[in-house]
Structures are given as structure tokens and as C-alpha cells.
Amino acid sequence: MNSLNAISPIDGRYRSKTEPLAKYFSEGALVRYRVQVEIEYFIALGTLQELPVHECFEQHPGLAEKLRDIYRTLTDTEAAEVKEIEKTNNHDVKAVEYFIKRRFDTLGLERWKEFIHFGLTSQDINNTAVPLSMKECHEEVLLPQYEALATLLEERAAEWKDIPMLAHTHGQPASPTTLGKEFMVFAYRLRKQLAHFAEIPFGAKFGGATGNFNAHLAAYPTVDWRAFGNRFVKESLGLERQQWTTQIENYDDMAAWFDNCKRVNVILIDLCRDVWSYVSMEYFKQKIKAGEVGSSAMPHKVNPIDFENAEGNLGLANAIFEHLSHKLPVSRLQRDLTDSTVSRNVGVPVAHTLIALASLQKGMGKLLLNEQALYDDLERNWAVVAEAIQTVLRSVGYPNPYEALKQLTRTNQKVTAETIAAFVETLDAAPEVKERLQHFTPHNYLGYKVS
């Protein structure tokens, strides 16, 4: 397969942006994570003196690291071997078990190989392997990308903290703000949602066929299998074991993670649309790269395509996150198979998010501030200082100031600096009050800035 015959743009057009995700969400990665869970489980069983596996590790010093090398050095050829086994037995997790048993044969561990996958069902492997892949992708790829964008927005907010800008509410001119503050709004919102990730555990199911450790207790009733399971999932895999489950994990923690990603992406969609609007208002120009074409027919165009691309991919990501968070926690009775095929697509919305983040980073890097356009827009809208004037007049007890400013500003006559100055002079107010009112302009009536 190459980028020209890939069905999905994730593995085609955008492969260069999504390549890092292959380590976590490809079929080969899933095989490796399953092998890892099986191997770590066998090693953990070796800590229980009640089980013969304990003797295996006593007789083979350094065995744990040799076993870990099975998944740490797993090659594409070996992953393909697992898939070949699956073609015969038609079961993906059982194929992993048989693959490891072959490796045990080469290591002279035939006596203990029936303790591979001991007492487990396939979902004890899947419902630890997939959350583990998500956790590592979150920590190593997605969260750093989200945080890098938040940092970039904070940098732009600081850079543009003193740039006055006409605000628009309902699409109409409103009280002035600063460009830096408006970008800080997005950075602030983003940081708030990113902080919530720390509150969401990466949960895992580990408890046998229907979640009760039935087979484990039948074989070794003196072992506290729940305590063992908690210890294994936490210490060996870095996950949180769900205490009460059916055959599959509850998926509530996973749904919370999907929903948090979705909230972050909604903020970024809002950012894309605002920056797109600023470009259309010419508050920003865009850097031109030699050889690039903005339109196939209109040579003058430099389109805000990075923000449009990001918005489209964020929308796709959120549509899939939405389905995942609503579907996965719902399963008939103790288990149906719908979660299996759906959970294979966890990497898809992450990929679309990664594409969007790359486009946003690129788009932000191409923005060129057009201060003259911001200045001119403010200068055309002197009516916005009416709020300042009427509020100061209220504070000094002037009668009906709102109505007086309403009459001035809601006519078809254009409000200018001269209009405002003339109006202030007609007021029956103290000289110091008039002097204070004459101070306000659309360029300095800004409120608090980014500090």
C-alpha cells in the first residue's frame, strides 16, 4: 500500500501527519500490546508462591527480561506470524497465545506454557491492551500537541496584548477589545479542558470470562485474585482496574476521555472560525510561499485553507468521538461483540485531531498582523464609545444618559470623533466630567488587557 491507493486519507494524503499513531493504533501495534499484556501477566503470576509458575522464575534467573524482549523487540515479521496463526484459528487473541507458546518452546519453557492466558478471556487482553495504547498515545503524542497549541496561543496573546481591536457581538460593532485578549480566551479555555484529562483514569477490565475470576478461584481458591488483579493492572500496566464488570470493561472512563477530547476540539473549531473571520476582515494577511496557488481560477487569492482544513478534520474527529462515547458503554447483557469492531477505530478520531492540530500550527505560523486594518475599523466605529460615556454619566448622576446616547448613535448619521466631541460639549455636566469623556476613543476604550 502507498498513499495513492489508501482508502482513508489518514493513511493516504495525510500519512506524514498521522505516522506517529501507527505505533499505538495499527494492527501491528495491537498485536504488540496484546503480547505485552500476556507476557506481563505471566510474569505477575510468577510472584504467586501458590502457583507452579513461581518455580519457573526460580529456575531461570533473569527470565522476566528475556520474556519482555518478546514484545519489546517484536518485528513486523513476527506480528505477521500472529496474523497467519489467526487465519487458521479465526481468533485474534488466541493467535497471540499460540505465538507466545511457540516462543516458550524455543526458550525451553514448555512445562509452564499453559499458564499463558491462564484463566482469562480475550477481553482481559483487549480491555487492557487498548486502554494502554490510548494512555501511551495520550501522554506521548496527543497531549503534547494540544499543549503546544495552547502555548502558541499564549505566545500570540502576549505578542498582541496591546493591539486594539473592534469587537463584534451578533456580527455588529461592539465595545473594543485587544487582539491579544481574544487569543488568550482560547488559550484559557484550552488549558481548562486539558487540565480535566488528569482527572480521567485509563480504566481496564481484568477478571475472567464474566468479570468474577471464576476460573482463577476454581483452580487456586486460596489466592486473593482481586488484589492480584488490582496490583497487576496498576503496577505492570499503569492502568486502573475496574472493580465490577461484565465480560468487557464498562467503557465509562474511555467515554469520558472521548468526551474531553471532543470538548477540546469544539474550542478549536471556534478558534478556526474566528481566525477565518479575522482573515476575511483583513485583520490578518497570510505569508505567501513561492510557487503556491490559492485558486485554480483567481490568481490573487490566498485562502485560509489551514483553518478550513483544521475545522473539517475536527468535525470528523468529534463525530467519531461522539459515536464511541455513546456506543461503547452499551452492551447487551454480559457482552455482545459490537464493542470489538468499534474499538478498533479509536485511532481514527485521534488521527483526524492530529491532522487538525498540524494545520492549526501551520496556519497560525502564516498569519501576518495588519494593524492598519484594525485601526481603520476602529476609526469607522466611534459609536462604540457611547457605552463609556453613558456609564460615566450614570456614575455622576446625570439624568437619562442611556437615552441621550441612544438618540445620538442609532440614527443613520455616521458617528465620528467630531460627532462625539460635539455631543459631549452639549452636556450639562462639570468641566472635569466633560474632559474625562473627551478622553475616550475607540482605540483606548479597551478595559483590561493581557498582563
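Me: In which helix is Val31 found?
Reply: Keep in mind that this is a predicted model: local features need pLDDT of at least 70, side-chain atom pairs count only at pLDDT 80 or more, and totals for chains, interfaces and linings use all residues. Residues are numbered from 1 along each chain as its sequence is written, and side-chain values use heavy atoms, with hydrogens and water left out. Helices here are DSSP runs of H or I with at least four residues, strands are E runs of at least two, and both are numbered from the N terminus. On that basis, Val31 is found in helix α3.

Me: Is Val31 buried or exposed, and at what relative accessible area?
Reply: Buried means under 20% relative accessible area, exposed means over 50%, and partly exposed is in between (1.4 Å probe, protein chains only). Val31 falls under the buried cut-off because its relative accessible area is 2%.

Me: Which residues does Val31 touch, not counting those up to four places away in sequence?
Reply: Contact means heavy atoms within 4.5 Å. With residues up to four places away left out, Val31 touches Leu74, Ala79, Val82 and Lys83.

Me: How far apart are the C-alpha atoms of Val31 and Asn303?
Reply: Along the chain, Val31 and Asn303 are 272 residues apart. In space, their C-alpha atoms are separated by 43 Å.

Me: Which residues is Gln36 in contact with, leaving aside its neighbours within four places in sequence?
Reply: Gln36 lies in helix α3, residues 27-45. Gln36 counts as buried because its relative accessible area is 11%. Once the neighbours within four places are set aside, the contacts of Gln36 are Tyr71 and Leu132.

Me: And Glu40, which residues does that one touch beyond four places in sequence?
Reply: Glu40 lies in helix α3 too. Despite its charged side chain, Glu40 is buried, at 4% relative accessible area. Not counting residues up to four places away, Glu40 touches Arg68, Tyr71, Phe232, Ser236 and Leu237.

Me: On to charges: how many salt bridges does a search of the whole structure find?
Reply: A salt bridge is a side-chain nitrogen of Lys or Arg within 4 Å of a carboxyl oxygen of Asp or Glu. Searching the whole structure that way gives 38.

Me: How many residues apart are Arg344 and Asp92, a salt-bridge pair?
Reply: The closest N and O atoms of Arg344 and Asp92 are 2.7 Å apart. The pair links distant parts of the chain: Arg344 is in the loop between α14 (338-343) and α15 (347-366), and Asp92 is in helix α7 (residues 92-106). Arg344 is partly exposed at 37% relative accessible area, whereas Asp92 is buried at 15%. The separation in sequence is 252 residues.

Me: What helix holds both Glu159 and Arg156?
Reply: The side chains of Glu159 and Arg156 meet in a salt bridge, 3.6 Å from N to O. Glu159 counts as exposed at 52% relative accessibility, while Arg156 counts as buried at 17%. They sit three residues apart, about one turn, in helix α8 (residues 122-159).

Me: Which residues are joined into one network by salt bridges that share partners?
Reply: Let's take one more pair before the network: Arg332 forms a salt bridge with Asp336, with the closest N and O atoms 2.9 Å apart. Arg332 is exposed at 59% relative accessibility, and Asp336 is buried at 13%. Salt bridges that share partners make one network of Glu27, Arg34, Lys83, Glu86, Asp92 and Arg344.

Me: What phi does Tyr251 have?
Reply: Tyr251 lies in the loop between β4 (240-241) and α12 (252-280). Tyr251 is buried, since its relative accessible area is 2%. Its phi is a positive value in a residue other than glycine, near 65°.

Me: And what is the phi of Asn400?
Reply: Asn400 is found in the loop between α17 (386-395) and α18 (401-409). At 55% relative accessibility, Asn400 counts as exposed. Although Asn400 is not a glycine, its phi is positive, at about 50°.
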